[in-house]
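Me: I'm new to this one and would like a close look at a single part of it. Could you walk me through it slowly?

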Amino acid sequence: MILIIYAHPYPQHSHANRRMLEQISALPDVEVRSLYQLYPDFNINIAAEQAAVSRASLVVWQHPMQWYSIPPLLKLWIDKVLSHGWAYGHGGNALHGKSLLWAVTTGGSEHHFDIGDYPGFEVLAQPLQATAVYCGMTWLPPFAMHCTFVCDDETLSAHARRYKQCLMNWLEEEQHGQS
Ligand SMILES: Cc1cc2nc3c(=O)[nH]c(=O)nc-3n(C[C@H](O)[C@H](O)[C@H](O)COP(=O)(O)O)c2cc1C
């Protein structure tokens with residue numbers, strides 16, 4: 001099962017992420033949890049989130065980039081759900097063997113992150129990658145959709161199809177590995 005932890009503060013205003021979700025909606029065994037719709041008061045149901053993660057083989061953190069980082073509710077989700085004794089520490093092996101995909105959309109281009117004083121796009125992934133690896137997960141190559149500020153509808157849809165293909169490739173590899 002693929003679990004999409006979707007953190008868009010204004011999902012009704014989304015262009016890029018909404019198309020990505022539309023593309024993957026027909027895939028089998030995909031569960032989408034839209035955090036800002038589930039928890040508008042930021043009161044995360046930890047047991048429900050941990051149960052959803054337990055059912056998944058692939059966890060996806062999907063969100064628009066905000067100030068070179070993740071939206072605050074996703075940060076809170078990580079802080080609360082990846083708890084001691086469950087995700088890490090003594091007896092904390094609930095995530096071992098699962099995979100993690102970071103799926104991010106950005107207004108700027110990839111090069112926007114590379115120049116001058118900017119930290120570089122890959123660097124931005126490091127805290128997420130470290131978190132995943134610390135919890136025993138396999139970190140997959142991130143999926144990024146850049147330039148959403150200037151992309152026309154057709155280009156956004158093409159990128160969204162690329163997202164679907166990325167998940168389909170993972171499903172295929174997973175099934176191949178099991179047979
Ligand atoms: C508060 C805020 C901060 C943002 N910070 C960044 C940023 O640091 N880098 C960037 O490339 N885009 C930034 N953006 C642009 C969003 O990432 C972009 O609008 C989003 O990925 C588009 O996806 P959507 O159509 O699903 O909303 C920011 C947007 C907002 C609202």
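What covers the buried residues of α1?

Reply: Happy to. Keep in mind that this is a predicted model.

Let's start with the helix itself. α1 covers residues 16-24, and its buried residues are A16, N17, R19, M20, L21 and I24. The cover over those buried residues includes the strands β1, β2 (30-34), β3, β4 and β6 (143-145), along with the helix α6.

Of those, α6 deserves a closer look. This helix takes in residues 153-178, and its axis comes within 8 Å of the axis of α1, with the two crossing at roughly 45 degrees. α1 and α6 are therefore oblique to each other. As for handedness, α1 passes α6 in a right-handed crossing. On the α1 side, the contact is made by A16, R19, M20, Q23 and I24. On the α6 side, the partners are D153, L156, S157, A160, R161, Y163, K164 and L167. Sorted by type, the residues of this contact come to 7 nonpolar, 2 polar and 4 charged. There's a helpful bit of background for reading lists like these: an α-helix has 3.6 residues a turn, so residues three or four places apart point the same way.

Now for the wider surroundings. In soluble globular proteins, nonpolar side chains tend to be buried together. Here the largest nonpolar core has 36 residues, and the members that touch the most others are W61, L74, W77, L82 and W102. Two or more residues of this core come from each of β1 (2-6), α2 (35-38), α3, β3 (58-64), α4, β4 (99-105) and α5 (121-134). Some of those names should ring a bell, since β1, β3 and β4 are also among the elements covering the buried residues of α1. A second core, separate from that one, has 22 residues, including L101, C151, L167 and W170. You've met L167 already: it is one of the α6 residues in the contact with α1.

To see how a core member is surrounded, take L74. Setting aside residues up to four places away in sequence, L74 touches I5, A7, L35, W61 and H63.

There's another helix pair to set beside α1 and α6. The axes of α3 (residues 46-55) and α4 (residues 72-81) come within 10 Å and cross at roughly 85 degrees. That makes α3 roughly perpendicular to α4. In this contact, I46, E49, Q50 and V53 of α3 meet W77, K80 and V81 of α4. By type, the residues here are 4 nonpolar, 1 polar and 2 charged.

W170, from the second core, also leads to a loop residue. S57 sits in the loop between α3 and β3. Leaving out neighbours within four places in sequence, S57 is in contact with M1, K98, S99, W170 and E174. Its C-alpha atom is 7.8 Å from that of G97, although S57 and G97 are 40 residues apart along the chain. S57 counts as partly exposed because its relative accessibility is 25%.

One last stop, at two loop residues. Most residues other than glycine have a negative phi. F42, in the loop between α2 and α3, has a positive phi near 65 degrees. W67, in the loop between β3 and α4, has a positive phi of about 50 degrees. F42 is partly exposed at 33% relative accessibility, whereas W67 is exposed, with a relative accessible area of 80%.

Notes: Residues numbered from 1 in each chain as written. Predicted model: local features only at pLDDT ≥ 70, side-chain atom pairs only at ≥ 80, totals over all residues. Heavy atoms only, no water. Axes fitted to C-alpha atoms, helices over the stretch in contact; angles between N-to-C directions. Helix = DSSP H or I, 4+ residues; strand = E, 2+ residues; numbered from the N terminus. Parallel < 35°, antiparallel > 145°, perpendicular 65-115°, else oblique. Contact = heavy atoms within 4.5 Å. Nonpolar A, V, L, I, M, F, W, Y, C, P; charged D, E, K, R; others polar. Left-handed = near helix turned anticlockwise from the far one by under 90°. Core = buried A, V, L, I, M, F, W, Y, C linked by side-chain atoms within 4.5 Å. Buried < 20%, exposed > 50% of the residue type's maximum accessible area, 1.4 Å probe, protein only.
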